[in-house]
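Colleague: Could you walk me through this model and show me how each label was arrived at?

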Amino acid sequence: MTLINDLKKISKEVSGNVITIGLEYKIVLDELDKNEKIKELYSMQFNGKKKMKNKEKGKKRNKVVSIKKIRKIFKKKRIDYIICNIEDINRFLRTFIRDSVYINKSKLYIYGSKNNIDLELIEKRYNRYNVIINVTEYEKEVLVEIDNTKAFNKFFKDIFYNIIDVLYSIYNIIGDLLIN
């Protein structure tokens with residue numbers, strides 16, 4: 001099995017409201033368009049910028065959405081499935097993890113190459129929210145499936161973990177500067 005085959009299989013099974021972020025495989029996008037169980041499909045192309053284009057199924061015009069405002073646009077537990085590329089969300093991983101748990105009520109799929117994805121960091125930060133994580137490794141790629149059905153987040157808990165993550169990143173930057 002390859003990553004593309006698994007993503008095709010996932011795209012046939014999804015239902016409800018779906019967000020794709022940085023999905024680059026045309027075959028998978030075609031499968032999502034063919035799927036009749038999908039109510040709304042939000043396809044976002046991010047390309048490493050702060051804002052991304054949001055295209056709803058059935059609408060011709062693109063809407064520009066900031067990665068920081070995903071939480072405001074998609075309300076609490078409104079999205080059933082999220083399929084995203086790690087290269088597009090890697091810069092904003094700290095806020096994306098918090099927001100994805102907030103807006104997602106079923107499953108989240110993160111894929112990317114083994115070089116770009118930090119599995120330990122993703123597992124550590126998502127385990128704070130009592131989620132189930134399954135990792136499937138391929139030759140050069142990784143698919144992380146995160147089940148958010150039992151996940152919950154609280155306001156003060158999010159603030160506390162955000163402060164810890166900022167301090168951890170400052171600690172890593174100072175360590176890198178001292179080593180160099």
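Modeller: Happily. In this predicted model, residues 24 or more positions apart account for 60% of the contacts in the chain with a separation of 6 or more. The chain has seven helices and eight strands, and buried residues make up 44% of its 180 residues.

Colleague: Why is Ser106 called buried?

Modeller: Buried means under 20% relative accessible area. Ser106 has a relative accessibility of 14%, so it counts as buried. You will find Ser106 in strand S6, residues 104–113.

Colleague: And what is Ser106 in contact with, leaving aside its neighbours within four places in sequence?

Modeller: With those neighbours set aside, Ser106 touches Ile79, Asp80 and Tyr81, and also Ile146, Asp147, Asn148 and Thr149.

Colleague: I see Asp147 there. Which residue is its bridge partner?

Modeller: Asp147, in S8, is the bridge partner of Ile132.

Colleague: How do you know that S7 and S8 pair?

Modeller: Pairing needs at least two bridges between the strands. Six bridges join S7 (residues 132–137) to S8 (residues 141–147), so the two strands meet the definition of a pair. They run antiparallel and form a hairpin with three residues between them.

Colleague: Now the helices. What makes H1 roughly parallel to H2?

Modeller: Two packed helices are described by the angle between their axes and the distance between the axes. Helix H1 (residues 3–13) and helix H2 (residues 26–34) pack at about 10°, with axes 8 Å apart. Angles under 35 degrees count as roughly parallel, and that makes H1 roughly parallel to H2.

Colleague: Which residues meet there?

Modeller: From H1 come Ile4, Leu7, Lys8, Ser11 and Lys12, and from H2 come Ile27, Val28, Glu31 and Leu32. By class, the contact of H1 with H2 has five nonpolar, one polar and three charged residues.

Colleague: Why, then, are H5 and H6 called oblique?

Modeller: The axes of helix H5 (residues 93–103) and helix H6 (residues 119–126) come within 11 Å and cross at roughly 40°. Roughly parallel would need an angle under 35 degrees, and roughly perpendicular one of 65 to 115. The angle of roughly 40° fits neither range, so H5 and H6 are oblique to each other. Their crossing is right-handed.

Colleague: Which residues make that contact?

Modeller: H5 contributes Leu93, Arg94, Phe96, Ile97, Ser100 and Val101, while H6 contributes Leu121, Ile122, Arg125 and Tyr126. The contact of H5 with H6 divides into seven nonpolar, one polar and two charged residues.

Note on methods:
Residues numbered from 1 in each chain as written. Predicted model: local features only at pLDDT ≥ 70, side-chain atom pairs only at ≥ 80, totals over all residues. Heavy atoms only, no water. Helix = DSSP H or I, 4+ residues; strand = E, 2+ residues; numbered from the N terminus. Axes fitted to C-alpha atoms, helices over the stretch in contact; angles between N-to-C directions. Parallel < 35°, antiparallel > 145°, perpendicular 65-115°, else oblique. Left-handed = near helix turned anticlockwise from the far one by under 90°. Contact = heavy atoms within 4.5 Å. Nonpolar A, V, L, I, M, F, W, Y, C, P; charged D, E, K, R; others polar. Buried < 20%, exposed > 50% of the residue type's maximum accessible area, 1.4 Å probe, protein only.
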